[in-house]
Amino acid sequence: MIISRLAARPIPLLTGLLIALILPWMIYPPVALDIACWALFAAAVDLLLGFTGLLPFGHAAFWGGSAYVTGLIALHAGLPFPVAVLGGAAAAALLAVPIGYLSARLRGIYFAMVTLAFAQVVYFVANQWRGLTGGENGLQGIPRDLFGIDLSDPFFFYYAGLPFVLAGLLAAWRVVRSPFGRVLVAVRDNPARAQALGYPVARYKLLAFVLSAGLSGLAGGLFAIGHGFASLDEVYWTTSGQVVMMVVLGGIGTLWGGAFGAALIVELNDYLATAGFQEIGLVTGTIFVIIVLVFRRGVWGTVRDALRARAARAVPAPGPDPGTPHDETPGTPTAPADEVPTRPAR
Amino acid sequence: MGTPVPEPPILTARSLVKDFRGFRAVDGVDLDVAEGAVHALVGPNGAGKTTLFHLLTGFHRPSAGRIHVGGRDLTGKSPERVARHGVARSFQITSLFAQMTAREHLELALQAGTTLGWRFWRSDRALRRFADRSLELLEQVGLAAHADDPAGALAYGRKRALELALALALDPRVLLLDEPTAGMGAEDVDRTVELIQRVRAGRTVVMVEHNMNVVATLADRVTVLQAGRVLAEGGYAEVRRDPRVISAYLGDAHAAH
């Protein structure tokens, strides 16, 4: 069913797959893997930001937490890297249960602040528990074992890791286009109404949070295996900020847009660092401001809306039911329509 | 509309109080709504009608007092718990999901009674199982031709109709309607009155309503609120003769008849 649905729009799908497949030929392979990992991370964050209406500012806890757990499994258990990565993702999802339980009932800036606070706790633990995490040195020498296959070349490892990223993106897409995803959009656009229909809004947000954390963990674990180490950078708050920036650059609520943001930021960081430029934040910050001002709905969001508008002008698309008016307004921004206080379930 | 044969109340509120930072919006309200009745809440602006609605549906937690529906204590329960206990409400200010079509609204409402909403691994095509019932409900409120219109693009009267259909989709025992005819033209008002008359069968309806003609037509019983208290209660004819009510609120409407 998934396949037939995706195949309904073959051109963007095949283009995306093609780019994913040729990426390590085009750019430095380790950078290609970074882009893939960050793209998945961004999609996971967009699940909350774009489809649930929550701004998470502590997702470094799940990306970085999984990086450490993945590294520890690979280092100490000697298991193949896919097992380690899945273990890291599961750990991230588990960690998200208490954090999500305590934060998902909050809204707007309060949610962002509380998730940031929890992420800082995770950072603190990772920094202090040197015996386990290596403190400032991080976890070094994480192996990339896959039944004895030599994956030391980043070019080949990219192809070993890509299926996990694609599976993660597919999972995110499935969540968005599921009965659950429908409820999430309702929760985002009008939580009071969703409650009045009988939906336990706080619990739906919690499940969305856990799923998002699990996918973030998948990305973070793969990132750690790809680099061969897990460092404090992975759990630092700038990581939480960077992924939100990627989502905004690509377009909130587009799911795939984050991949554009990821490619832009990772490639730019790499380019500037290689060129010996020191003030990377200055450049990425400026570009961020420009893009946000020029593309109000992010790069992908703006392009998508333009393409849809053009397609709608060119050929009147056949509606799902012939004879019914088909005046879909693509991507109209939703106004928060709740005039009623929402109360979290106790 | 005479006073109906007394039925045991399906909804009762006892000594209900709601304080907002020193302002008492609802001040010791007792309410008994008979099963199967249409019970109207009327009163001037600021009388506490909408606050009472929020209390009855869990959107506000009462400062004091108790609420029972069908013998079960729902005091302080969350809105979703109240809804799942068979109490559905509409909103005074139209409260829809701007990007969803009318059909998707009803699918969402019908899904609320199932566990399908948790299945994040399924395709949203699973919602098609509610397609027939959705269309039935849309037909009932006269929106069948607009099933695939986004709610944000519907005309005002149609939004109100969709609002009502959403509450009906939950097949509630108690239906709370917050000003169902607010802002409507005469034609839409008539259609809504007719619709409420049709859907009240087998249900209890509590409505806040300003239009006294609508109250006169529909309500078996009327509770008049003023400044957060019950001023009078009875059949419409009885209440409109009450001198306190006439002086407080109904004076103009009474004279207009």
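**Exercise 1. The contact between chain A and chain B**

Task: Establish how many residue pairs are in polar contact between chain A and chain B, and which elements of chain A give residues to the side that touches chain B.

Solution: In this predicted model, the count between chain A and chain B is 14 residue pairs in polar contact, with both residues at pLDDT 80 or more. The elements of chain A that give two or more residues to the side touching chain B are helix 1 (2–7), helix 8 (154–176), helix 9 (179–189), helix 10 (191–196) and helix 11 (201–227). The largest share of that side, 8 residues, comes from helix 9 of chain A. Sorted by class, the side of chain A that touches chain B has 22 nonpolar, 10 polar and 13 charged residues.

The next step turns to the extent of the interface, in which 45 residues of chain A are in contact with 48 residues of chain B. The size of an interface is often given as the accessible area lost when the parts come together. For chain A and chain B this area is about 4,100 Å², with 58% of it on carbon and sulfur atoms.

The last step concerns charged pairs: there are 2 salt bridges between chain A and chain B. In one of them B:E107 is paired with A:R182, and the closest N and O atoms are 3.2 Å apart.

**Exercise 2. Salt bridges within chain B**

Task: Describe the salt bridge between B:D171 and B:R203, and decide for each partner whether the residue is buried or exposed.

Solution: The closest N and O atoms of B:D171 and B:R203 are 2.9 Å apart. B:D171 belongs to the loop between helix 5 (156–169) and strand 7 (174–178) of chain B, whereas B:R203 belongs to the loop between helix 6 (186–199) and strand 8 (204–208), so the pair ties together parts that are 32 residues apart in sequence. With a relative accessible area of 53%, B:D171 is exposed, while B:R203, at 13%, counts as buried.

Task: Give the accessibility of the partners in the salt bridges B:R24–B:D19 and B:R244–B:D242, and name the residues that shared partners join into one network.

Solution: B:R24 and B:D19 have their closest N and O atoms 2.8 Å apart. B:R24 is partly exposed, with a relative accessible area of 41%, and B:D19, at 29%, also counts as partly exposed. In the salt bridge between B:R244 and B:D242 the closest N and O atoms are 3.0 Å apart; B:R244 counts as partly exposed at 47% relative accessibility, but B:D242 is buried, with a relative accessible area of 15%. Salt bridges with shared partners join B:D19, B:R24, B:D27 and B:R229 into one network. Over all chains, the structure holds 20 salt bridges.

**Exercise 3. The surroundings of B:H146**

Task: Locate B:H146 and identify the residues that B:H146 touches.

Solution: B:H146 is placed in the loop between helix 4 (131–140) and helix 5 of chain B. Its relative accessible area is 16%, and because the cut-off for buried is under 20%, B:H146 is buried. When residues up to four places away in sequence are not counted, B:H146 touches B:A102, B:L154 and B:R158. The side chain of B:R158 is, in addition, joined to that of B:H146 by a polar contact of 3.3 Å.

**Exercise 4. Helix 12 and A:L132 in chain A**

Task: Explain why helix 12 of chain A is described as largely enclosed by the rest of the structure.

Solution: Chain A has 15 helices and 0 strands, and 51% of its 346 residues count as buried. Helix 12 (residues 237–250) has 14 residues and reaches 20 Å from its first C-alpha to its last, close to the 20 Å expected at 1.5 Å a residue. Of these 14 residues 10 are buried, so the helix is largely enclosed by the rest of the structure; among them are A:T239, A:V243, A:M246 and A:G250. Just after the helix, A:G251 takes a positive phi of about 125 degrees.

Task: State where A:L132 lies and with which residues A:L132 is in contact.

Solution: A:L132 is in helix 7 (residues 130–133) of chain A and is partly exposed, with a relative accessible area of 34%. Leaving aside neighbours within four places in sequence, A:L132 is in contact with A:L72 and A:L139. The C-alpha atoms of A:L132 and A:A32, which are 100 residues apart along the chain, are separated by 30 Å.

Conventions
Residues numbered from 1 in each chain as written. Chains lettered and ligands numbered in written order. Predicted model: local features only at pLDDT ≥ 70, side-chain atom pairs only at ≥ 80, totals over all residues. Heavy atoms only, no water. Helix = DSSP H or I, 4+ residues; strand = E, 2+ residues; numbered from the N terminus. Expected span 1.5 Å × (residues − 1). Buried < 20%, exposed > 50% of the residue type's maximum accessible area, 1.4 Å probe, protein only. Contact = heavy atoms within 4.5 Å. Buried area = accessible area lost by both parts, 1.4 Å probe. Salt bridge = Lys/Arg side-chain N within 4 Å of Asp/Glu carboxyl O. Polar contact = N/O pair within 3.5 Å; in protein donor to acceptor, adjacent residues only side chain to side chain. Nonpolar A, V, L, I, M, F, W, Y, C, P; charged D, E, K, R; others polar.
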